[in-house]
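Trainee: I'm new to this one and would like a close look at a single part. Could you pick one helix and walk me through how it sits with its surroundings?

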Amino acid sequence: MKDKKEYLGWYDMDMATTLIVTQIEEDQWRPRKVCGVVRGGVIPAVMISHQMNIPFEPITPDTVLLDGKDVLIVDDIYDTGKTIKHLKKLNPQARFATILFNLKHDEYEVDYYGNGYSGEEWIVFPWESDLS
């Protein structure tokens, strides 16, 4: 685990999801469904779903969507990229969004993200308990 922690609040989530929705609208694209990756992607996906008035569906990191076209898959963070890369292989037609994107990556595996971060700190989201 990383030594330094950064705590994000609900305001940060509101701003990040609003930025993602704005990016989607600027692309003149409208997903027919927003899928949230269990666990961390569910809450931001629900927030985006409400903002866009689009149906929501929870998925696991191993979900293969029968028709991934016009689907937005949301996760909380792109840190190592393992989850998104795996989901992209399974669902190549879907688009991807994360609240945070580790700026140390050269390739952008997500279509939309709320904020970049250095990757040096452990991120604590407002829906997580931090008992350490």
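**A buried glutamate, then helix α1**

Mentor: Let's start with one residue and work towards the helix. Keep in mind that this is a predicted model. Glu 109 has a relative accessibility of 18%, and because the cut-off for buried is under 20%, Glu 109 counts as buried. You'll find Glu 109 in the loop that runs between β5 (95-102) and β6 (112-117). Leaving aside residues up to four places away in sequence, Glu 109 touches Tyr 78, Ile 84, Lys 85, Lys 88, Phe 96 and Phe 101.

One of those contacts, Phe 101, takes us into the sheet. Phe 101 has Gly 116 in β6 as its bridge partner. β5 and β6 pair in the parallel sense, over five bridges.

Now for the helix you asked about. α1 packs on the sheet and touches β4, β5 and β6, and its direction makes about 135° with that of β6. Helix α1 covers residues 10-26, which is 17 residues, and from first C-alpha to last it reaches 24 Å, close to the 24 Å expected at 1.5 Å a residue. Which residues of α1 are buried? They are Met 13, Ala 16, Thr 17, Ile 20, Val 21, Gln 23 and Ile 24. Look down the axis of α1 and these buried residues fall within an arc of 160°, so they line one face of the helix. The face turned away from that buried side carries Tyr 11 and Glu 26, which are exposed. As for what covers the buried residues of α1, that includes α2 (42-52), β4 (71-78), β5 and β6. Just after α1 ends, Gln 28 takes a positive phi of about 55°.

Let's step back to the sheet that α1 packs on. It is an open sheet of five strands in the order β3-β2-β4-β5-β6, with parallel pairing. β3 and β6 are the edge strands, each pairing on one side only. On average, neighbouring strands of this sheet are turned by 20° against each other, direction ignored.

Over at the β3 edge, β2 (residues 33-37) and β3 (residues 56-59) pair in the parallel sense over four bridges. Within that pair, Cys 35 stands opposite Glu 57 in β3. Together β2, α2 and β3 make a right-handed β-α-β unit. And α2, which we met among the elements covering the buried residues of α1, is part of that unit.

Definitions and conventions: Residues are numbered from 1 along each chain as its sequence is written. This is a predicted model: local features need pLDDT of at least 70, side-chain atom pairs count only at pLDDT 80 or more; totals for chains, interfaces and linings use all residues. Side-chain values use heavy atoms; hydrogens and water are left out. Helices (H or I, at least four residues) and strands (E, at least two) are DSSP runs, numbered from the N terminus. Buried means under 20% relative accessible area, exposed over 50%, partly exposed in between (1.4 Å probe, protein chains only). Contact means heavy atoms within 4.5 Å. The expected span of a helix is 1.5 Å times one less than its number of residues. The arc is that of the directions from the helix axis to the C-beta atoms. Two strands pair if DSSP finds at least two bridges between them. A crossover is right-handed if, with the strands pointing away from the viewer, the path from the first strand over the helix to the second runs clockwise. Axes are lines fitted to C-alpha atoms, for helices over the stretch in contact, and angles run from 0 to 180 degrees between N-to-C directions.
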